[in-house]
Amino acid sequence: MKPKHLFGIVVVVAALGYLIFGGLGRNLVYFITPSEYFQDQARYQSRLVRLGGLVKAGSVQYNKETLALRFVITDGVREIPVSHSGTPPALFKENQGVVVEGRFNGEEFKGQELLVKHSEDYKAPGAGYSPEQLKKIIQETK
Amino acid sequence: MQKIQKPGDLVTTLLVGLGLTLLAVGFYFALAAPPDANQGYLARIMYLHVPSAWVGYLAFFSALLYSAAYLIWRRPGLDRMAAASVEIGLVFLGLALVTGMLWARPTWGVYWTWEPRLTTTAILFAVYVGYLVLRSAIEDPDLRAKASAAVGILGAINVPISYMSVKWWRSLHQTQSLDLTTGKVHMDGAMVLALLVNLAAFSILFLALLRLRGLLEKRGGKLVSEA
């Protein structure tokens, strides 16, 4: 066997090992819900976790000057206030599914990364959308 | 004197022609499809992303069939077709990964995250890169074919895992919009049409490419044996 082949095999096996034991092992539970957090609070303190749920309607406060974003994440049962710094992704809105990566800081969750889930439903904006709204949808998601 | 061989056969030529025609039609439908209410025109990358991933899965399934067939009948041609399937599968799965990242950045907010669908797909990709490395490492054709067949069969286990990952585990990736397991469709008619035409175009192009690659391998094998 030539060295380059041995090298190739080692690289692939190492990559697979990393993916399976590092990537997948840690992420089979990709995010926890607020209810799960309250069931076992001690376990999730001061470590990096992903918190998933819906953005509670009426809870979003965003300051365009300081980029400070605050909202409440809910799974319909329990709620957790989230603070995050940075412009939210275009699809971020009330009642949208989100996953926030960060740490619990007392009662509050400090987000480092904000990911927005989108549904598998694709619908054309039909009746009920004004031309201005259509224009907004198209421009916002450019 | 060496016999002049035709550059291909009729079936392959027809498949290439049909595939390219459908691709053009699919491209038109994709551009004519309405924007999505949430994502606007961004959702259009789906017409490239979904067929690419589908052909990736299809190709690895094809590699599984050819690998199993090789182990039963031990014909070198079957081994060549398994390898051809893997090569094409890697190209399309790579395309699916890249288009997925380009779609993820503006919608999810990141290019990549270690969520179940993305992780299982990355593993799938790595396994078949390993398949090609393994092939290049073994010189004895029989041993090479047997070892490749083993990887081709075991690696394919990950295809259904990758497909079902969005249902089995909590993920960021949305579930299927055209669900093969339940038959449910979560899309408007014009969008389904665009997606189906592109899926058909990509599937036919896969068959065409597979036949072309098989022909090339066959010629290459002959050249080596004649030398």
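A search of the whole structure, which is a predicted model, finds one cavity of 30 Å³ or more. About 30 Å³ of space lies in this largest cavity. Its walls belong to chain B: the lining consists of Pro34(B), Pro35(B), Asp36(B), Gly40(B), Tyr41(B), Ala43(B), Arg44(B), Met46(B), Tyr47(B) and Met191(B). Sorted by character, these lining residues are seven nonpolar, one polar and two charged.

Next comes the open space. The largest pocket holds about 930 Å³ and has 40 lining residues, with Val50(B), Ala53(B), Tyr57(B), Arg117(B) and Tyr163(B) lying nearest its centre. Five helices of chain B each give two or more residues to this lining: H2 (46–73), H3 (76–107), H4 (116–137), H6 (158–168) and H7 (189–226). Helix H2(B) provides the largest share, nine residues. The lining of the pocket divides into 28 nonpolar residues, 11 polar ones and one charged.

Here are the two spaces side by side.

| Space | Volume | Nonpolar lining residues | Polar lining residues | Charged lining residues |
|---|---|---|---|---|
| Largest cavity | About 30 Å³ | seven | one | two |
| Largest pocket | About 930 Å³ | 28 | 11 | one |

Now to the packed parts of the model. In soluble globular proteins, nonpolar side chains tend to be buried together. The largest nonpolar core here has 23 residues, and those with the most contacts inside it are Leu16(A), Phe60(B), Val86(B), Leu124(B), Tyr128(B) and Tyr131(B). Helix H1 (3–27) of chain A gives two or more residues to this core, as do H2, H3, H4 and H6 of chain B. The largest share, eight residues, comes from H4(B).

Let us turn to chain A. This chain is divided into domain 1, covering residues 1–29, and domain 2, covering residues 31–119. The centres of these two domains of chain A, taken over C-alpha atoms, are separated by 33 Å.

Which strands pair with S5 of chain A? Strand S1 (residues 49–55) of chain A pairs with S5(A) in the antiparallel sense over six bridges, and strand S6 (residues 108–116) of chain A pairs with S5(A), also antiparallel, over eight bridges. Two residue pairs help to locate these contacts: Leu54(A) has Gly97(A) in S5(A) as its bridge partner, while Val98(A) stands opposite Val116(A) in S6(A). Strand S5(A) itself, residues 97–105, is mostly covered, with seven of its nine residues buried. S5(A) and S6(A) form a hairpin with two residues between them, and Gly106(A) in the turn has a positive phi of about 70°.

Some residues outside the strands and helices also deserve a look. Most residues other than glycine have a negative phi. Leu67(A) is not a glycine, yet it has a positive phi of about 60°. Where does Leu67(A) sit? Its place is in the loop between strand S2 (61–63) and strand S3 (68–74) of chain A. With a relative accessible area of 33%, Leu67(A) is partly exposed.

Chain B offers another case: Arg74(B), not a glycine either, has a positive phi of about 55°. Arg74(B) is found in the loop between H2 and H3 of chain B. Is Arg74(B) buried, exposed or partly exposed? Arg74(B) counts as partly exposed because its relative accessibility is 43%, and the partly exposed class lies between under 20% for buried and over 50% for exposed.

Notes
Residues numbered from 1 in each chain as written. Chains lettered and ligands numbered in written order. Predicted model: local features only at pLDDT ≥ 70, side-chain atom pairs only at ≥ 80, totals over all residues. Heavy atoms only, no water. Domains from an automatic or database assignment. Buried < 20%, exposed > 50% of the residue type's maximum accessible area, 1.4 Å probe, protein only. Helix = DSSP H or I, 4+ residues; strand = E, 2+ residues; numbered from the N terminus. Pairing = 2+ DSSP bridges. 1 Å grid on protein atoms, 1.4 Å probe; cavity = no way out; pocket = protein on both sides within 12 Å on 5 of 7 lines; lining within 4 Å. Points joined across faces, edges and corners; volume = space filled by probe spheres on them. Nonpolar A, V, L, I, M, F, W, Y, C, P; charged D, E, K, R; others polar. Core = buried A, V, L, I, M, F, W, Y, C linked by side-chain atoms within 4.5 Å.
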